[in-house]
Amino acid sequence: SQDVEYIVEQLDTKDKLEYFGMLKFGSENQELEVVFDTGSNWLWVPTENCAKCHDAPKFQSDESKSFINTESTVDIEYGRGKISGTICFDTVIIGNISISKQEFLGVTQDAD
């Protein structure tokens with residue numbers, strides 16, 4: 001038998017359409033509230049380059065020594081809106097688990 005460790009993190013919801021939670025990013029452990037996207041396989045993170053990402057705190061990639069930007073772009077269209085960004089990798093922490101080189105979408109445009 002294997003010991004399995006479970007992590008429980010509190011998620012907030014907006015009309016049961018969007019689920020929010022706190023994650024830490026990069027070598028400097030920048031804490032950000034992110035949307036857990038149930039409509040795609042992407043973890044998307046607003047970046048300092050996102051002009052239309054509302055007032056949400058943004059990931060400051062230049063502050064992370066472990067950040068990698070592939071410069072490959074992705075556009076995701078939803079029923080109400082679209083986001084665009086670049087494929088990035090960095091350390092992501094949820095609860096007490098740290099994931100090195102986790103892939104995510106560094107959002108550069110949020111048009112909802």
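Rings of Phe, Tyr and Trp count as a pair if their centres lie within 6.5 Å. With that rule in mind, this tour moves through a predicted model, one selection at a time.

**First stop: the aromatic cluster**

Please select Phe25, Phe59, Phe67 and Phe104, which form one aromatic cluster. The count of aromatic pairs comes to 4. Begin with Phe59 and Phe67, whose ring centres are 5.7 Å apart and whose planes meet at 55 degrees. This pair is described as tilted, because plane angles over 60 degrees count as edge-to-face and those under 30 degrees as stacked. Of these two residues, Phe59 is buried, with a relative accessibility of 0%, whereas Phe67 is partly exposed at 22%.

Keep Phe59 selected and turn to Phe104. The centres of these two rings are 6.0 Å apart and their planes stand at 85 degrees, so the pair is edge-to-face. Which parts of the chain does this pair link? Phe59 belongs to the loop between β4 and β5, while Phe104 is in strand β7 (residues 97–111), and the two are 45 residues apart. Phe104 is buried, at 0% relative accessibility.

**Second stop: the nonpolar cores**

Next, select Phe20, Val35, Trp42, Trp44, Cys50, Cys53, Val74, Ile76, Ile83, Ile87, Leu105 and Val107. Together these 12 residues constitute the largest nonpolar core. Which elements give two or more residues to this core? They are β5, β6 and β7. Within the set, centre the view on Cys53: apart from neighbours within four places in sequence, Cys53 is in contact with Pro46, Lys58, Val107 and Asp110. Of these contacts, Val107 is itself listed in the largest core.

A second core, separate from the one just shown, has 10 residues. Among them are Leu32, Val34, Phe59 and Cys88. Phe59 thus returns from the first stop, where it was named in the aromatic cluster.

**Third stop: the salt bridge**

How many salt bridges does a search of the whole structure find? It finds 1. To display it, select Lys65 and Glu28, whose side chains meet at 3.7 Å, N to O. Lys65 is in the loop between β4 (44–46) and β5 (68–78), and Glu28 is in the loop between β2 (18–25) and β3 (30–35), so the pair ties together parts that are 37 residues apart in sequence. Is each partner buried or exposed? Lys65 is exposed, with a relative accessible area of 75%, and Glu28 is partly exposed at 43%.

**Fourth stop: Thr91**

Now select Thr91, a residue of strand β6 (residues 81–94). Its relative accessibility is 16%, and Thr91 counts as buried because the limit for that term is under 20%. Show the surroundings of Thr91 as well: leaving aside neighbours within four places in sequence, its contacts are Lys24, Phe25, Gly26, Ser66, Ser98, Ile99, Ser100 and Lys101. One of these, Phe25, is also a member of the aromatic cluster.

**Last stop: Glu18 and Asp37**

Finally, select Glu18, which lies in strand β2. Glu18 is partly exposed, at 30% relative accessibility. Add Asp37 to the selection and compare the two separations: Glu18 and Asp37 are 19 residues apart in sequence, and their C-alpha atoms are 7.3 Å apart in space.

Definitions and conventions. Residues numbered from 1 in each chain as written. Predicted model: local features only at pLDDT ≥ 70, side-chain atom pairs only at ≥ 80, totals over all residues. Heavy atoms only, no water. Salt bridge = Lys/Arg side-chain N within 4 Å of Asp/Glu carboxyl O. Helix = DSSP H or I, 4+ residues; strand = E, 2+ residues; numbered from the N terminus. Buried < 20%, exposed > 50% of the residue type's maximum accessible area, 1.4 Å probe, protein only. Contact = heavy atoms within 4.5 Å. Core = buried A, V, L, I, M, F, W, Y, C linked by side-chain atoms within 4.5 Å.
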